[in-house]
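Please open the model in a viewer and keep the sequence panel at hand. The tour below proposes one selection after another and states what is to be found at each stop.

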Amino acid sequence: MRMGLIVRMFSESGSVRVAASTITAEAPARPGGAMDSHVRRERLCGAEEFPVVDRCTYLSICNSTALGRRARSAVDEFLDHLMFWRETAAVRDCRVDGARDKFARLIGADAGDIAIVKNVSEGINAVASAIDWCAGDNVVLCASLEHPNNILPWVHLRRLGVEMRVVEPVEGAIEPDSIIAAIDGRTRVVTCSAVTFAPGLRVDLGAIGRACRSRDVLFLVDAVQSAGILSLDVSRDQVDVLVTSTAKGLLGIYGCGFLYCRRAWADRLTPAYLSRPAVDLPPDRYSEMASLDVAMRGNARRFEVGSVDYAACYAVDASLSLLGEVGAPAIEAHVLALAGRLRMGMAELGLEVPGRAFGAQGSHIVTVGRLGSGGHGIAADPLLACLSEHLTAHDVVHTIRRGMLRFAFHLFNSDDDVDRVLGLTREVVSRKGA
């Protein structure tokens, strides 16, 4: 066994570069990667289900869904039903209810507290517009680390005199203590992402959730970068509202999403729109109104508007079945191990990696570079720009967000993917250093 010391250098931005390292290891270094002694991780689900893994090294689940054969077959089944009239409304509703129930179990909720929406944006806007705002009320968020779709709905409320209380990040992370300190007697909503889209750090939802619950403040979480990949438990973390898309980590298709709303809050929210799915009508009067006195559903279903996207519901019902068979704990352990190895490998090659990602805030998303050094699809750092071009030329699918190279793992990734990225990165770093 070789023993040694890992020396890390921290920059002012909180990123890590490994200046020198001699790693304890039983086995020789792997091709293109850092040495480690853990059991080699194969794909939890391979090309038989996800053909994309035979076409490229797909590390962009944080940006776009990777459709499996099971989900594709479910969509084809729905289209065949339409083409040949092989289904009834009861069949369609069974698949929708199946998707709703499976997602509820995934996040520790009750199926009645799940609404089908179009996407994250619609879900957030639905809740934002359902609150009885008064001038002087405020919303607390860390705007610089949120996706615009969790900022613009709150910006829109400024016309009503609602204040946005913007908290600054700490070393590129959303700091619960800073969020909690910004809450006062006029705070109506606190919102954050479960995992930031860049630099890809997890947020301690429980700390924020407990503070909000004790103050009767609605806590809204954007889970689009974590649902289906990392553990989510709305009861444990005292989340009041959670929104996500059926694409990305849930491995469905675009144009559909889920909105969880805790029942105690649903009764206090008045949706801006009202349609048949949102009200209680007896089955024999579902196509007519016997009276104008109708009651909204007492749960999240009051936010549903019109018919759902059945094709997307068929797809996510199938993909959620797959995720359930593999198991959420197995998926989380798998992706965190792969991400941790890539993160350390990048740091050992002298690239900047967020320092907080090496601890509890690390996620399945690995980012390289300095936050804000570039833009959407643009890396200002010449080395990172060159690396991105090299990776793209070798069919490694990744993204650049806010100047950082971004890679993300799911159940179809393996150590082979990590090896490949680190090997290609070493080629670029070696050429630049020559």
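A residue counts as partly exposed when its relative accessible area lies between the limit for buried, under 20%, and the limit for exposed, over 50%. Arg263, at 37% relative accessibility, is therefore partly exposed. The model on the screen is a predicted one.

**First stop: Arg263 and its partner**

Select Arg263 together with Asp110. These residues form a salt bridge, in which the closest N and O atoms are 3.3 Å apart. The pair links distant parts of the chain, for Asp110 is in the loop between helix 2 and strand 4, whereas Arg263 is in helix 7, and 153 residues separate them. Asp110 has a relative accessible area of 44%, so this residue, too, is partly exposed.

**Second stop: the open sheet**

Next, display the strands as a cartoon. Seven of them form an open sheet with mixed pairing, and their order is 4-10-9-8-7-5-6. Which strands stand at the edges? They are strand 4 (114-117) and strand 6 (163-166); each has a single partner strand, so one side of each is left without a neighbour in the sheet. From one strand to the next, the twist averages 20°.

Within this sheet, select residues 187-193 and 218-222. These are strand 7 and strand 8, which run parallel and are joined by five bridges. Opposite Ser193 stands Asp222 of strand 8.

Now add helix 2 to the selection. Helix 2 lies across strand 4, strand 9 (241-245) and strand 10 (257-261), and runs at about 120° to strand 4.

Before leaving the sheet, select Glu163 and Arg165. Their side chains meet in a salt bridge, with a distance of 3.4 Å from N to O. Arg165 is partly exposed, as its relative accessible area is 24%. Glu163 also counts as partly exposed, at 35% relative accessibility.

**Third stop: two exposed residues**

Select Trp85, which is found in the loop between helix 1 (69-84) and helix 2 (89-106). Is Trp85 buried or exposed? With 62% relative accessibility, Trp85 counts as exposed. For a sense of distance, add Leu160: from C-alpha to C-alpha, Trp85 and Leu160 are 49 Å apart in space, and they are 75 residues apart in sequence.

Then move to Leu292, in the loop between helix 7 (263-266) and helix 8 (310-326). The relative accessible area of Leu292 is 77%, so Leu292 is exposed. Add Met289 and Val294 to the selection: with Leu292, they make a nonpolar surface patch of about 320 Å².

**Fourth stop: a network of salt bridges**

How many salt bridges does a search of the whole structure find? The search finds 30. To see one of them, select Arg40 and Asp416, whose closest N and O atoms are 2.6 Å apart. This pair links distant parts of the chain: Arg40 is in the loop between strand 2 (15-21) and strand 3 (57-58), Asp416 is in helix 11 (residues 415-433), and the two are 376 residues apart. Arg40 counts as partly exposed at 31% relative accessibility, and Asp416 counts as partly exposed at 39%.

Extend the selection to Arg341, Asp415 and Asp419. Together with Arg40 and Asp416, these residues are linked in a network of salt bridges.

**Final stop: a covered strand**

Select residues 404-408, which make up strand 17. How many of its five residues are buried? Five of the five are buried, and the strand is described as mostly covered. Met404, Arg406 and Ala408 point one way from strand 17, while Leu405 and Phe407 point the other way.

Now add the strands that pair with strand 17. Strand 12 (residues 365-368) runs antiparallel to strand 17 and is joined to it by four bridges. Strand 16 (residues 399-401) also runs antiparallel to strand 17, and three bridges join these two. Arg406 offers a convenient point of reference. Thr367 has Arg406 as its bridge partner in strand 17, and Thr399 stands opposite Arg406.

The tour closes at Arg402. The hairpin of strand 16 and strand 17 has two residues between the strands, and in this hairpin Arg402 takes a positive phi near 55°.

Key
Residues are numbered from 1 along each chain as its sequence is written. This is a predicted model: local features need pLDDT of at least 70, side-chain atom pairs count only at pLDDT 80 or more; totals for chains, interfaces and linings use all residues. Side-chain values use heavy atoms; hydrogens and water are left out. Buried means under 20% relative accessible area, exposed over 50%, partly exposed in between (1.4 Å probe, protein chains only). Two strands pair if DSSP finds at least two bridges between them. Axes are lines fitted to C-alpha atoms, for helices over the stretch in contact, and angles run from 0 to 180 degrees between N-to-C directions. Contact means heavy atoms within 4.5 Å. Patches are made of residues with over 30% relative accessible area and no salt bridge: like charges are joined within 9 Å, nonpolar side chains (Val, Leu, Ile, Met, Phe, Trp, Tyr) within 5 Å. Accessible areas come from the Shrake-Rupley method with a 1.4 Å probe; for residues, only the protein chains shown count as cover. A salt bridge is a side-chain nitrogen of Lys or Arg within 4 Å of a carboxyl oxygen of Asp or Glu.
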